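Biologist: Before I plan anything at the bench, I would like to go through this model with you. Please take my questions in turn.

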Amino acid sequence: MSMIEQAAVEFLDRAQRDAAAIDQLTSVSGWALTVGQAYHIQAGVFQRRLARGERMLGLKMGFTSRAKMIQMGVSEMIWGRLSDGMLVEDGGDFTVDHAIHPRVEPEVAFLLRRRLAGRVSVAEALDAVEATAPALEIVNSRYRNFKFSLVDVVADNCSACGFAIGAWNAVPKDLSNLGMVLSFDGKPVRIGSSAAILGHPARSLVAAARLAGEAGLALERGMILLAGGATEAEPLAAGRHVRVEVEGLGTAEFYAR
Ligand code: OOG
Ligand code: MG
């Protein structure tokens with residue numbers, strides 16, 4: 001790892017631990033980072049979490065919906081890593097002070113019963129799924145006055161901060177168009193459909209297997225994949241009860257404290 005990459009790992013790791021925003025890596029003059037280097041930095045920051053005793057639970061996909069792409073002004077999918085340190089108990093608490101500018105989005109999660117790596121079809125991807133669940137992702141960019149840059153987001157583990165997962169269900173016959181409602185204190189704030197996730201959320205598994213495969217990683221048996229936000233993310237403040245309902249799959253929820 002280059003000295004610049006090492007310094008970036010240090011900055012991002014500290015920003016995440018102290019919940020203190022940093023300047024974008026790309027704003028540092030002379031730091032011309034490639035997307036490949038950004039994934040390298042992401043791996044380094046995640047390695048710090050593992051060294052502190054966290055366990056890898058799976059992967060997350062980002063920008064799999066047009067709403068998210070438009071919100072952030074991008075056209076490329078990205079992926080990040082999930083650990084048990086990010087897991088928010090379903091029905092439990094999330095402390096907003098531990099984040100910088102948390103936002104929440106409605107998602108669908110998959111649990112793998114078989115390894116998926118490289119180029120796979122939608123049918124193969126679905127066949128590798130043990131169960132599926134409604135999920136909430138809390139994204140929390142570690143940057144101050146963030147102006148979108150793919151390299152910065154990728155290095156920052158695609159803003160991964162927290163996630164809650166509802167009860168696991170057998171995979172329904174048709175996942176392609178399930179209604180999804182994100183509510184704050186019982187009031188809907190975002191309404192969408194699983195169709196927003198690449199037309200069918202299983203395509204997110206296909207994309208994750210391919211993209212993580214390019215980095216020498218796989219979706220291993222027992223891992224979770226967050227398929228990506230179905231709507232724009234909604235800013236999160238203390239005092240909110242946050243809930244997602246996915247048609248036919250149930251709910252996931254937490255309290256923002
Ligand atoms: C990047 C993370 C994108 C998704 O579901 O599309 C993402 C961000 O919004 O800061 O998690
Ligand atoms: Mg997300």
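**Core, sheet and metal site**

Modeller: This is a predicted model. Its largest nonpolar core has 69 residues, and Leu 236 and Phe 254 have the most contacts inside it.

Biologist: Which helix gives the most residues to this core?

Modeller: The core in question is the largest nonpolar one, with 69 residues. Seen by element, the top contribution is 7 residues, and it comes from helix α6 (residues 202–214).

Biologist: Which residues are included in the second, separate core?

Modeller: That core is separate from the 69-residue one. It has 14 residues, including Phe 46, Ala 109, Leu 111 and Phe 163.

Biologist: What does Leu 236 touch, leaving out residues up to four places away in sequence?

Modeller: Its contacts include Phe 94, Val 96, Pro 102, Arg 103, Val 104 and Ile 138. Phe 254, which shares the top rank for contacts inside the core, is also touched by Leu 236. The rest of the list is Phe 184, Val 242 and Ala 256.

Biologist: In what order do the strands of the open sheet lie?

Modeller: β8 (residues 179–184) pairs with β9 (residues 187–193) in the antiparallel sense over 6 bridges. β8 is also joined antiparallel to β12 (residues 241–246), by 5 bridges, and β12 pairs antiparallel with β13 (residues 250–256) over 6 bridges. The edges are β4 (93–94) and β9, each pairing on one side only. With mixed pairing, the order of the 5 strands is β4-β13-β12-β8-β9.

Biologist: Which residue of β13 is the bridge partner of Val 242?

Modeller: Val 242 lies in β12, where it is the bridge partner of Phe 184. Toward β13, the bridge partner of Val 242 is Phe 254.

Biologist: Which residue in the turn between β8 and β9 has a positive phi?

Modeller: Ser 183 stands opposite Pro 188 in β9. The two strands form a hairpin with 2 residues between them. In that turn, a positive phi of about 50° belongs to Asp 185.

Biologist: Which residues are the protein donors of the magnesium ion (ligand 2)?

Modeller: The donor residues are spaced E-x1-E-x29-E in sequence. Two of them link distant parts of the chain: Glu 107 is in strand β5 (residues 103–112) and Glu 137 in strand β6 (residues 129–139), 30 residues apart. Both Glu 107 and Glu 137 are buried. Lying 1.9 to 2.1 Å from the ion, the donors are Glu 105 (OE), Glu 107 (OE) and Glu 137 (OE).

Conventions
Residues numbered from 1 in each chain as written. Chains lettered and ligands numbered in written order. Predicted model: local features only at pLDDT ≥ 70, side-chain atom pairs only at ≥ 80, totals over all residues. Heavy atoms only, no water. Pairing = 2+ DSSP bridges. Helix = DSSP H or I, 4+ residues; strand = E, 2+ residues; numbered from the N terminus. Donors = N, O, S within 2.8 Å, 3.2 Å for Na, K, Ca; no water. Buried < 20%, exposed > 50% of the residue type's maximum accessible area, 1.4 Å probe, protein only. Core = buried A, V, L, I, M, F, W, Y, C linked by side-chain atoms within 4.5 Å. Contact = heavy atoms within 4.5 Å.
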